[in-house]
Amino acid sequence: MGKITAAITGVQGYLPDYVLTNDELAKMVDTTDEWITTRTGIKERRIQKEGASSDMAVEAVNGLLKKTGTDPMDVDLVILATVTPDHPFPSTANILCDKVGMKNAWGFDLIAACSGFIYALSTGAQFIETGKYKKVIIVGVDKMSSIIDYEDRTTCIIFGDGCGAVLLEPNNEGNGILDFILRSDGSGREFLIQPAGGSACPPSIQSVEERLHYVKQEGKSVFKFAVTNMAEVSAEIMEKNNLTSDDVDWLVPHQANLRIIDATANRMGLPAEKVMINIEKYGNTTAGTLPLCLWDYEKQLKKGDTLILSAFGGGFTWGSVYLKWAYNS
Ligand code: UT7
């Protein structure tokens, strides 16, 4: 028998109903639909008016279990990537397992901001490849509206709420996750950070008054690092695996800014029709962007397709995953 690989065998997304348009944002801060569209590619994003990150994850995972015919009692492990957990502890993965009835699973949260999904996917794949587990669920979820300052036009226009989840199962046909490159550089922390709420700056009246519980981003610097690193790591994984642009069927890029996506696709030599894009509908859902792309494009994916997933985010964190799609819808 050949090597066991970890393959995605189902994907499901969940988006809250409320649509926050660029025009509505233009009534809240000094911006315009034209500026947001040309600088980012975003037209609208979803906002979860009630409930927590776990509630979006419950919707996605219940849909995933139903769609793949999986009994919640058969799930071994849940890795949930988020920067907006329900609470600092217990983990949102624990809460999700309880709400969905995955009583035999253990789970944990993973913090890697916008790279959360690829970090979690690569980690979860190890438990399948060793033969230890048969069913691992990877969730990317963020309720960014809970940490965004809707008086700060440099951040509130970018982010939205959403969740995506995938099931990983063993594959012996050569499909599934074949390689990954993951990187981090903590010296970038000052450029994209939620300053308060942790042990470095516990909540206080002062931290609230100074609005330190909101995301702070130095957009230009993050943009520069994102363009360079996301493009480079995507090209690197192609070279490492002897892939040409003709071999790659899909780039699945983190949806932070259309200009970053274009630069990555250009560096990889990929035409626009091979690039998954849904940023115009959902904005940047942080850990949610990649599984939400897979969900939106699932029907176009064919067994054996070559995909490169790529992300860059706070930390800094970044990386790419090379996988072969394992099923036809
Ligand atoms: O997902 C994880 C990582 N995050 C990212 O990858 C985001 C990376 N950064 C970006 O996508 C972009 O930097 C932004 C979309 C955040 C900003 O776009 P930019 O082209 O880098 O704009 P900028 O910060 O250089 O600002 C250009 C101008 C400034 O005005 P002046 O100084 O030239 O007069 C800003 O004050 O645009 C102004 N500006 C705005 N104007 C209208 C900034 N935000 C807005 C706004 N509406 N919302």
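User: How many Å separate the centres of domain 1 and domain 2?
Analyst: This is a predicted model, in which local features need pLDDT of at least 70 and side-chain atom pairs count only at pLDDT 80 or more, while totals for chains, interfaces and linings use all residues. Residues are numbered from 1 along each chain as its sequence is written, and side-chain values use heavy atoms, with hydrogens and water left out. The protein chain is divided into domain 1 (5-174) and domain 2 (178-324), with bounds from an automatic or database domain assignment. Taken over C-alpha atoms, the separation of the two centres is 14 Å.

User: How many residues does the contact take from domain 1 and from domain 2?
Analyst: Contact here means heavy atoms within 4.5 Å. On that basis, domain 1 and domain 2 contribute, in that order, 51 residues and 45 residues.

User: What is the area buried between domain 1 and domain 2?
Analyst: The size of an interface is often given as the accessible area lost when the parts come together. Buried area is that loss for two parts, found with a 1.4 Å probe and summed over both. Carbon and sulfur atoms give 61% of it here. The total between domain 1 and domain 2 is about 3,800 Å².

User: How many residue pairs are in polar contact across the interface of domain 1 and domain 2?
Analyst: A polar contact is a pair of N or O atoms within 3.5 Å; within protein, one must be able to donate a hydrogen and the other to accept it, and residues adjacent in sequence count only if both atoms are side-chain atoms. With both residues at pLDDT 80 or more, the rule finds across this interface a count of 17.

User: How do the residues of the side of domain 1 that touches domain 2 divide, and how many are charged?
Analyst: Helices (H or I, at least four residues) and strands (E, at least two) are DSSP runs, numbered from the N terminus; among those that each supply at least two residues of this side are β1 (5-14), α5 (116-129) and β7 (161-171). Ala, Val, Leu, Ile, Met, Phe, Trp, Tyr, Cys and Pro count as nonpolar, Asp, Glu, Lys and Arg as charged, and the others, Gly among them, as polar. The division is 22 nonpolar and 17 polar, and the number charged is 12.

User: Why is helix α10 largely enclosed by the rest of the structure, and which elements do its buried residues pack against?
Analyst: Buried means under 20% relative accessible area, exposed over 50%, and partly exposed in between (1.4 Å probe, protein chains only). Seven of the nine residues of α10 (residues 289-297) are buried, so the helix is largely enclosed. These are T289, L290, P291, L292, C293, L294 and Y297. They pack against β1, α5, β7, β11 (250-253) and β12 (306-313).

User: How many salt bridges does a search of the whole structure find?
Analyst: Side chains of opposite charge can pair when their charged atoms come close. The rule for a salt bridge is a side-chain nitrogen of Lys or Arg within 4 Å of a carboxyl oxygen of Asp or Glu. Across the interface of domain 1 and domain 2 it finds four. In the whole structure the count is 14.

User: Where is D149, and which residue meets its side chain in a salt bridge?
Analyst: D149 is in the loop between β6 and β7, and at 6% relative accessibility it counts as buried. A polar atom of its side chain lies 2.9 Å from the backbone nitrogen of E151. Not counting residues up to four places away in sequence, D149 touches T155, C156, R211 and Y214. The salt-bridge partner, at 2.9 Å (N to O), is R211.

User: Which residue forms a salt bridge with K240?
Analyst: K240 counts as partly exposed at 49% relative accessibility. Its partner is buried, with a relative accessible area of 13%. The closest N and O atoms are 2.9 Å apart, and the partner is D179.

User: Which residue forms a salt bridge with E236?
Analyst: E236 is partly exposed at 30% relative accessibility, and its partner is partly exposed at 34%. The closest N and O atoms of the pair are 2.7 Å apart, and the partner is R183.

User: Which residues is G197 in contact with, leaving aside its neighbours within four places in sequence?
Analyst: G197 lies in the loop between β9 (192-193) and α6, and is partly exposed with a relative accessible area of 39%. Its C-alpha atom is separated by 9.6 Å from that of Y214, 17 residues apart along the chain. The residues in contact with G197 are P203 and H213.
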